[in-house]
Every structure is written in C-alpha cells, then in structure tokens.
Amino acid sequence: MVHYVIDHVYGAFMHRTKLSPQFFSRGWGGPKLELLERMAKKLFPLDVEGQNWPPALVRPVWRTVWETKTACLREGVFQTPCDDELTAALPPESRTARVAWLVPKNVPPQKMACVVHLAGTGDHTYDRRLRLGGPLVKQNIATMVLESPFYGQRRPFLQRGARLLCVSDLLLLGRATIEESRSLIHWLDTEEGFGKMGVCGLSMGGVHASMVGSLHPTPVATLPFLSPHSAVVAFCEGILKYGTAWEALREELEAEKIKMTLEEVRERMRNVLSLTDVTRFPIPKNPDAVIFVAATDDGYIPKHSVLELQKAWPGSEVRWVTGGHVSSYILHNGEFRRAIVDGLDRLDWKESW
C-alpha cells in the first residue's frame, strides 16, 4: 500500500496542483482529430494485414558523441517516415526524428542484438534509457533510444513539458513513434545486419512497444514495462484523469453546439482512445518473446489492464515487481534488464529464420 500511496501523492502533486497545465488544455484537435478518426484503419491497422505492412526505409545521419575501447555512442537524425498527410499534421518541430545509439565495439553485428527504447510520459531526454541499456553492452546488446515526437527537441513551441495540447497530439505521437520505430528496426536488420532485434518502453513507451512488436513483419522481442493495454486506462481510469482538462474538452464541444455532461465527455474520450487498445492488434510473430513487467501496487496502471493484454496474446509472460508506478520506475531497472535479456534469448538468431 505504501507504493500505491506514493503514486497518489506524486499524482496529486503533479496533476491536481496549478504547478503545470493540464493535458489537452486546447481541446480535441479539431480537424486533426477528425483526420485521425477518418484514417483510423491506416493509423492503427487492426488486422493481420497490418503485420505485413512493410516499414519505410530511413537513413539516419550520424555523429559520434564519445568512444571507448568497448563501446561507442552516436546520435543521429532522420526525417520521419510518416506519409505526407500525417507528416503535415505533425508540428514542424516533430518532423525530424532524433535518436541515440549505444553500440558495443569489436563484435560483428550478426552476433549482437539491438533494442529500441521508447519514451514514457515526460521522458524528454536520452539519459534514463541509456542508463537502463548501458550495462547490457557487456552482453553484446546495443541500445537505440528514440526521442518521441512532441518531446525534447521535437516539442512544439507552445507546449509546456509533456502536457500535450490536444487529444489529437496523443494519437499523432503514437502513430509517428510506431512508424519511426519499425523503420529503425528495419534499418538495423537490413542495413546493419544485427542478429536479433527488440523493442521496449516504460508506461506510454510500453504501449508503443507493444504496437511495434505486434505490427513488425519479422520477430522482435517485445518488452512493455509498467504499461497498460490502452491509453484509455491511463487517462480515464488511472491518476492521469486528474490531470486532464475535461472542462476545456466540454467547452470546445459546446462551442460546436454539442451539449455534453462531463461524464459524456469522458465517454467520448474513451471512444477516441479506443484506437490505442493493443488487445485489438495482431498477436506478435513470437508471442513467447513478449515479457510484460508490471507493478503490484500501481496507482496509474490497474492489474486488470496488464492481464487483458496477456490474455489477448497467448504465450506472453507477465512478471510482477513489488512497488507502485513511481517507485518501480526508480527501483527495478535490474528486472527490466533481465526481461530484455530473456526476451532476446527466446528469439532465434537471424541466420536460422
């Protein structure tokens, strides 16, 4: 219970005070949200065909940050591989993707694995994810850290911190992250020749990792940490509901002559965010290489949400750590690393595909 209370104290400080703006303070996103709802099938393909949807090729431009006898850290940039319509919907700041890549030296790529690490809510820098992946260099596992659209140097000028201005921004962030991650895994496979690939993420990043693992056409280890099966859980059930600008969302609808109670506004949010329900996505190519790590007393992510995804993906594994969302984020990096290693071990080396 202590961990659960910590989550709620942290949530009250972050989401119920006036220290920072609420999520979606500028409403639904108007034409952008309508565009995304019209493109729902294209935005989040929910059938097996989506699994064979080939990733777009990207060619990152790299610079070396530092180099030692055993490892090298590079940073790269590339244009988001989203199609023209989705790229135009992204803010200009988000259209250039940025990535950090920590690679072991003196090991042939076919004998190495590489895991793409995706950002959780509020993770604007590479640092935390590089710290998570850094010790794995000794096990010949490279770490690639993608800066999310709407975050870090890709953050729109008017956005404060991680508080997305519109509901449509959350869907755009998700779609662009999926496109960019799949393209990076494709690049690691076809251009660099890595023997195994994986994708992981914490909280929101875990939802995106699940989507990438589901939709990628070749087997990848999929490691969602402290993540729900859908954004509905985070914004309509968990602590983030207290940080959501429900009144602003209702006022925008009223301006369009649509009268709704706050409860009806929440129901509309549920319908919009149902696009992110990973249980409706195809089962990954290697479900036994899917390992969820969840917390026993998570105030943000209820247990039922994790178990729903495990049920939808037979063969996947759930591992429980003692803690809440905040404390597990800080204390259980060892368990996250162990899941990464074990998930990759459950994949065949590429030569045997």
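K350 lies in the segment that follows helix α14, which spans residues 333-345, and the model in which this lysine is placed is a predicted one. With a relative accessibility of 21%, K350 counts as partly exposed, because the buried class is reserved for values under 20%. Once the neighbours within four places in sequence are set aside, the residues in contact with K350 are D189, G193, F194 and G195.

Two of these contacts can be described at the level of polar atoms. The side chain of K350 makes a polar contact with the side chain of D189, at 3.0 Å, and a polar atom of the K350 side chain also lies 3.2 Å from the backbone oxygen of F194. A further relation links K350 to P219: the two residues are separated by 131 positions in sequence, yet their C-alpha atoms are 9.4 Å apart in space.

The wider chain offers a setting for this pairing of remote positions. Among contacts between residues at least 6 apart in sequence, 78% join residues that are at least 24 apart. The chain contains 14 helices and 9 strands, and of its 353 residues 57% count as buried. Its accessible surface comes to about 14700 Å², and carbon and sulfur atoms account for 55% of that area.

Two of the helices show how burial is distributed around an axis. In helix α12, which covers residues 303-312, the residues S305, V306 and L309 are buried. These residues cover an arc of only 100° around the axis, and therefore they sit on the same side of α12. An α-helix has 3.6 residues a turn, so residues three or four places apart point the same way. The partners of this buried side include both kinds of element, since the buried residues of α12 pack against the helices α8 (204-215) and α9 (231-237) and against the strands β8 (291-295) and β9 (317-321).

Helix α2, formed by residues 31-38, can be read in a similar manner, with L33, L35 and L36 as its buried residues. Here the arc around the axis is only 155°, which means that these leucines too are placed on the same side of their helix. The face of α2 that is turned away from this buried side carries the exposed residues P31 and R38.

Terms used. Residues are numbered from 1 along each chain as its sequence is written. This is a predicted model: local features need pLDDT of at least 70, side-chain atom pairs count only at pLDDT 80 or more; totals for chains, interfaces and linings use all residues. Side-chain values use heavy atoms; hydrogens and water are left out. Helices (H or I, at least four residues) and strands (E, at least two) are DSSP runs, numbered from the N terminus. Buried means under 20% relative accessible area, exposed over 50%, partly exposed in between (1.4 Å probe, protein chains only). Contact means heavy atoms within 4.5 Å. Accessible areas come from the Shrake-Rupley method with a 1.4 Å probe; for residues, only the protein chains shown count as cover. The arc is that of the directions from the helix axis to the C-beta atoms. A polar contact is a pair of N or O atoms within 3.5 Å; within protein, one must be able to donate a hydrogen and the other to accept it, and residues adjacent in sequence count only if both atoms are side-chain atoms.
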